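Q: Got a minute to go through this one with me? Let's pull it up.
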Amino acid sequence: MPIHDIEALKRAYLDFRRNTMANFIVDIRRTRAQQIRAMTSDLEVLSDIETFEREIWQLESRTYLRSSRLKLHIFSQYYEQAQLRKAMAEHHLALSDLHKALHTGDLELQGNYTFRQTSDIFAPMLKEQDTRFNLVKQALHLFNNTALTPRQKVEQALTMKGFDENNATGLAMIFHPEAIGIVNSITRIHLQQMGHTIASQQTWQQLQDVLFSLHRLLRTRDFIELDGFLYVYGTQLTQQNGSAPAHRQQITNLMIEHEQQNKQGNTSLPGVVAIKESSQPYTEHKSFMSLDWEGIVWTGWLPLSSPALPTGQGIYRIRAIERDELFYIGSTGRDLRGRIGDLYRNLAKDSTQMPFNDPHTAAPSLWAWQNAEGLHFECSAATDTTHPNLDILVHYLLWRYRVETGTSTLANHGRFHPLYTKSGDRKAGRRGERLPEGQRNLHGGPSYPPLLLTATPVEQTWMWLNWSELYSFHSRNEVPTSYGIYKIVDSDSGELLFIGSAKNLRSAFQTQARKNWQCSGPAFAYSLLPDTLLPHHIHEIENDLLGGYFAYAKVAPKFQG
């Protein structure tokens with residue numbers, strides 16, 4: 001079942017939560033992570049490099065049930081529990097017995113129980129034990145540094161000999177299981193099995209976005225549990241496809257390959273996103289508030305009426321001083337100070353009635369939030385001349401915000417305060433107002449879950465949606481009359497030409513077939529959507545597709561607006 005099948009993914013996770021052995025393994029890994037954090041809080045406990053290798057570097061150096069004087073093996077060759085199950089049967093042990101032993105200290109754990117190395121020796125390319133141990137102490141000091149974010153810790157660890165993507169993110173997850181997940185060859189293989197076909201091309205930072213969205217979607221208790229689920233689910237998909245032996249060999253080969261890269265000091269992977277990735281973890285810091293969000297040079301946060309706002313074209317974002325979230329992201333091809341000034345004047349003009357939808361479409365929404373909750377707004381702007389199409393840059397930033405937070409900004413996509421109706425244009429003369437008690441504006445409801453950058457635009461799993469096959473405009477089609485989203489691509493080059501939505505997909509196909517798409521192989525594909533979705537949900541989906549495409553191709557679809 002591919003990653004885009006959200007309901008199937010949720011069902012699989014519920015099955016995982018009911019799997020008693022899987023829960024025991026998660027409990028072991030979580031308990032051992034807590035023990036390692038306590039152990040390394042005082043570096044004097046680790047007296048030498050051998051102690052570090054035995055206690056932390058190796059996956060499982062010793063698992064010992066003291067009361068039974070029994071040595072156990074939690075993991076077999078491929079993280080499986082075949083030997084553990086055999087020992088339990090031979091010695092008449094139940095999982096409840098092992099759970100109790102784990103939490104009373106009767107079950108002794110040595111190892112990290114999270115990541116496997118191809119060598120049990122840390123940094124074997126370094127011959128001097130003192131050199132190796134000094135590196136270990138530097139690394140553990142780094143992971144205990146409360147001034148750094150988990151991602152910053154990984155980035156710094158990757159500059160040190162002996163550390164690669166696997167063990168650096170693995171240690172980060174041990175120290176921060178609520179904030180960051182492990183990324184390694186196995187992660188990539190299982191995400192690919194689930195339909196995320198470009199996992200092998202993405203950096204560990206980009207895959208953190210995928211893991212974070214899965215964590216939010218499934219509501220896993222932490223990233224340790226998410227990692228366990230991904231392994232179990234990915235393995236199940238492999239067995240369903242009948243490729244388990246090849247899958248195991250692939251894992252072995254990739255682990256060896258990464259170890260060789262580590263020895264050569266080469267742990268990087270090619271990226272697909274040109275704009276700089278944020279190093280800040282979503283659960284600790286709000287990177288969308290930073291002055292270098294997405295590699296863009298933003299001004300500081302200023303009042304909407306500030307004369308310090310830049311002039312000229314650019315992009316801007318608006319937040320409430322009292323809230324830790326963005327309300328609006330917009331752009332102007334004219335003058336930033338003038339555009340934001342229009343918004344300020346509309347908000348400040350009359351506190352007793354909602355402004356019209358023009359000259360600034362965000363004014364009614366921000367006024368409603370201001371009126372209902374007494375919020376005060378400020379903005380941060382950027383004059384950007386490197387992107388000729390500011391609209392697509394806004395789509396990208398809105399998508400990145402959704403991926404980071406799991407929801408949309410409160411005044412984009414047609415979203416509105418739940419207790420107010422929205423004003424129309426000045427010409428219509430209709431002003432919005434507060435709804436009667438007990439009534440709610442449906443556009444103030446929850447967002448559609450953010451779409452992730454999976455596969456390529458011509459594939460049927462692109463961006464987590466379930467796309468139809470590609471239909472040529474020159475052939476007889478079987479497009480239904482249903483409600484949905486559609487894409488038009490150049491089937492020869494793979495270029496995305498247009499994204500749209502329609503209440504009648506067949507009618508949209510027929511309309512688009514009459515246009516000149518300036519290529520020899522234009523093709524149409526659709527993804528059916530429930531007719532219960534609200535307009536702001538459709539806008540969110542279209543926005544994510546456009547933002548995700550910009551991340552992938554660094555341009556807007558050729559015929560998009």
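Q: Which residues touch the most other members in the largest nonpolar core?
A: Phe229 and Leu545. That core has 105 residues. Keep in mind that this is a predicted model.

Q: Which helix gives the most to this core?
A: Helix 15, residues 390–405. Its share is 10 residues.

Q: Back to Phe229. What is Phe229 in contact with, leaving aside neighbours within four places in sequence?
A: Leu9, Ala12, Tyr13, Phe16 and Leu218.

Q: And what other core lies apart from it?
A: One of 27 residues. Leu309, Tyr328, Ile340 and Trp367 are among them.

Q: Switching to strands. In what order do the four strands of the open sheet come?
A: The order is 8-11-9-10, with antiparallel pairing.

Q: Which strands stand at the edges?
A: Strand 8 (471–472) and strand 10 (496–502). Each has a single partner strand, so one side of each is left without a neighbour in the sheet.

Q: How many bridges pair strand 8 and strand 11?
A: Two, in the antiparallel sense. Strand 11 covers residues 522–528. Within strand 11, Ala523 is the bridge partner of Ser472.

Q: Which strands does helix 16 touch?
A: Strand 8, strand 9 (484–490), strand 10 and strand 11. Helix 16 is residues 505–513 and packs on the sheet. Its direction makes about 25° with that of strand 9.

Q: What about helix 17, where does that lie?
A: Across strand 9 and strand 10. Helix 17 spans residues 535–553 and runs at about 175° to strand 10.

Note on methods
Residues are numbered from 1 along each chain as its sequence is written. This is a predicted model: local features need pLDDT of at least 70, side-chain atom pairs count only at pLDDT 80 or more; totals for chains, interfaces and linings use all residues. Side-chain values use heavy atoms; hydrogens and water are left out. A nonpolar core is a set of buried Ala, Val, Leu, Ile, Met, Phe, Trp, Tyr and Cys residues joined through side-chain atoms within 4.5 Å. Buried means under 20% relative accessible area, exposed over 50%, partly exposed in between (1.4 Å probe, protein chains only). Contact means heavy atoms within 4.5 Å. Two strands pair if DSSP finds at least two bridges between them. Axes are lines fitted to C-alpha atoms, for helices over the stretch in contact, and angles run from 0 to 180 degrees between N-to-C directions.
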